[in-house]
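Okay, thanks for coming, everyone. Let me put the structure up, and then I'll walk you through it piece by piece.

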Amino acid sequence: MNTNGYKIRPSRHFILTWMRKWDYDIDALRNALENAYKTDKVGKQKYEAYTREKGTSKKLIFIKDDDYKEIFIITGAAGK
């Protein structure tokens with residue numbers, strides 16, 4: 001997914017849980033979204049991006065708003 005020109009804004013919940021657990025920052029989020037092996041559109045503006053890192057898979061659930069050029073990351077999930 002192309003994130004050029006979009007501001008990435010994580011939710012407070014995502015910052016306090018998944019970003020802390022995964023030791024991510026905004027650059028790592030941008031990299032994860034750009035290198036996702038699968039991105040599904042699950043609503044009008046809602047997406048799920050799947051990425052694989054160090055043997056574990058991670059899912060990012062986010063809203064992409066083209067009017068404001070913003071990606072708002074709602075939450076994440078981790079698997080094996």
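One bit of vocabulary before anything else: I'll call two strands paired if DSSP finds at least two bridges between them. With that in hand, look at Ile63, which stands opposite Phe72 in strand 5. And please keep in mind throughout that this is a predicted model.

So, the strands. Strand 4 covers residues 56–65 and strand 5 covers 70–78. The two run antiparallel, and 8 bridges join them. Between them, in the hairpin, there are 4 residues, and Lys69 has a positive phi near 55 degrees.

Now go to the other neighbour. Strand 3, residues 46–53, is joined to strand 4 by 8 bridges, again in an antiparallel arrangement. If you want a pair to find on screen, Glu48 stands opposite Ile61 in strand 4. These two strands make a hairpin as well, with 2 residues between them, and in that turn Lys54 has a positive phi of about 55 degrees.

How many of the residues of strand 4 are buried? It's 7 of its 10, so to speak a mostly covered strand.

Let's move over to helix 1. That's residues 12–22. Which of its residues are buried? Phe14, Trp18, Met19 and Trp22 are. Looking down the axis of the helix, the buried residues fall within an arc of 95 degrees, so they line one face. Turn to the other side and you find Arg12, Arg20 and Lys21, which are exposed.

And what do those buried residues pack against? Strand 1, which is residues 7–10, plus helix 2, strand 4 and strand 5. Right after the helix comes Asp23, with a positive phi near 55 degrees.

Next, the rings, which are fun to look at. The structure holds 4 aromatic pairs. Take Phe14 and Trp22: their ring centres are 6.1 Å apart and the planes sit at 75 degrees; anything over 60 counts as edge-to-face, so that's what this pair is. Both of those residues are buried.

Then there's Trp18 with Trp22. Here the centres are 5.2 Å apart and the planes are at 40 degrees, so we call this pair tilted. The two tryptophans, Trp18 and Trp22, are both in helix 1, 4 residues apart, which is about one turn of the helix. Trp18 has a relative accessible area of 19%, and the cut-off for buried is under 20%, so Trp18 counts as buried. For Trp22 the relative accessibility is 12%, which is buried too.

Put the rings together and you get one aromatic cluster, made up of Phe14, Trp18, Trp22 and Tyr24. Elsewhere there's a ring with a charge over it: Lys38 lies over the face of Tyr50, at 5.3 Å from the ring centre.

On to the core. The largest nonpolar core has 17 residues. The ones with the most contacts inside it are Phe14, Leu29, Leu33, Leu60, Phe62, Ile71 and Ile73. Which elements supply at least two residues each? Helix 1, helix 2, strand 3, strand 4 and strand 5 do. Helix 1 gives the most, with 4 residues.

Phe14 keeps coming up, so let's stop there a moment. Leaving out residues up to four places away in sequence, Phe14 touches Met19, Trp22, Leu29, Leu60, Ile73, Ile74, Thr75 and Gly76. Remember that Phe14 is also in the aromatic cluster and among the core residues with the most contacts.

Last stop, a couple of residues on the outside. Lys41 is in strand 2, residues 38–41, and is exposed, with a relative accessible area of 54%. Again not counting residues up to four places away in sequence, Lys41 touches Lys46 and Tyr47. Going back to Ile63, where we started: Lys41 and Ile63 are 22 residues apart in sequence and 9.7 Å apart in space, C-alpha to C-alpha.

The other one is Gly5, in the segment before strand 1. Is Gly5 buried or exposed? Exposed, with a relative accessible area of 66%. From Gly5 to Tyr37 there are 32 residues in sequence and 21 Å in space, C-alpha to C-alpha.

That's the tour.

Methods:
Residues numbered from 1 in each chain as written. Predicted model: local features only at pLDDT ≥ 70, side-chain atom pairs only at ≥ 80, totals over all residues. Heavy atoms only, no water. Phe/Tyr/Trp six-rings, centres within 6.5 Å; stacked < 30°, edge-to-face > 60°. Buried < 20%, exposed > 50% of the residue type's maximum accessible area, 1.4 Å probe, protein only. Lys NZ or Arg CZ within 6 Å of the ring centre and 35° of its normal. Core = buried A, V, L, I, M, F, W, Y, C linked by side-chain atoms within 4.5 Å. Contact = heavy atoms within 4.5 Å. Arc of directions from axis to C-beta.
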